[in-house]
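Thanks for coming. I will go through one structure, a few residues at a time. Please look at the sequence and the model first.

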Amino acid sequence: VLTQAMRDGEGGTIVAVGHLGPSAAWSLPTLTTLLRDHRPGVRRLAAEALGRIGPDEAARVALQRAANDSDDRVR
């Protein structure tokens, strides 16, 4: 249910999952995918959540790409 809510772009869910910290490692694939969402707000929230959850190689690479996002709120 949480994964689908994140995929739907529900910001509150993305933020809440990020606040779970490292115990939300299960969400990394979804959050990494959300960094390519067409909505800048969703991309920003996904980046913030990934930062809160902690280190992961795939997330690190995705966040490095997000640092070049066209929207300054995402960068």
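To begin, in which helix is R52 found? R52 sits in helix 4. Keep in mind that this is a predicted model.

Is R52 buried or exposed? Neither word fits: R52 is partly exposed, because its relative accessible area is 48%, and buried would need under 20%, exposed over 50%. Beyond its neighbours within four places in sequence, R52 is in contact with G18, H19, G21 and P22. The C-alpha atoms of R52 and V17 are separated by 9.2 Å, and these two residues are 35 apart along the chain.

Now the interior. The largest nonpolar core has 19 residues, and those touching the most other members are M6, I14, L31, L34, L35, L50 and I53. At least two residues of this core come from each of helix 2 (11-19), helix 3, helix 4 and helix 5. Helix 4 gives the largest share, seven residues. As for M6, setting aside neighbours within four places in sequence, its contacts include I14, V17, W26 and L31.

Last, helix 5, residues 57-66. Which of its residues are buried? They are A59, A62 and A66. These three lie on the same side of helix 5, because they cover an arc of only 65° around the axis. In general, an α-helix has 3.6 residues a turn, so residues three or four places apart point the same way. The buried residues of helix 5 pack against helix 3 (28-34) and helix 4 (40-53). At the N-terminal end of helix 5, D56 acts as a cap, with a side-chain oxygen 3.1 Å from the backbone nitrogen of A58.

Technical notes:
Residues numbered from 1 in each chain as written. Predicted model: local features only at pLDDT ≥ 70, side-chain atom pairs only at ≥ 80, totals over all residues. Heavy atoms only, no water. Buried < 20%, exposed > 50% of the residue type's maximum accessible area, 1.4 Å probe, protein only. Helix = DSSP H or I, 4+ residues; strand = E, 2+ residues; numbered from the N terminus. Arc of directions from axis to C-beta. Contact = heavy atoms within 4.5 Å. Polar contact = N/O pair within 3.5 Å; in protein donor to acceptor, adjacent residues only side chain to side chain. Core = buried A, V, L, I, M, F, W, Y, C linked by side-chain atoms within 4.5 Å.
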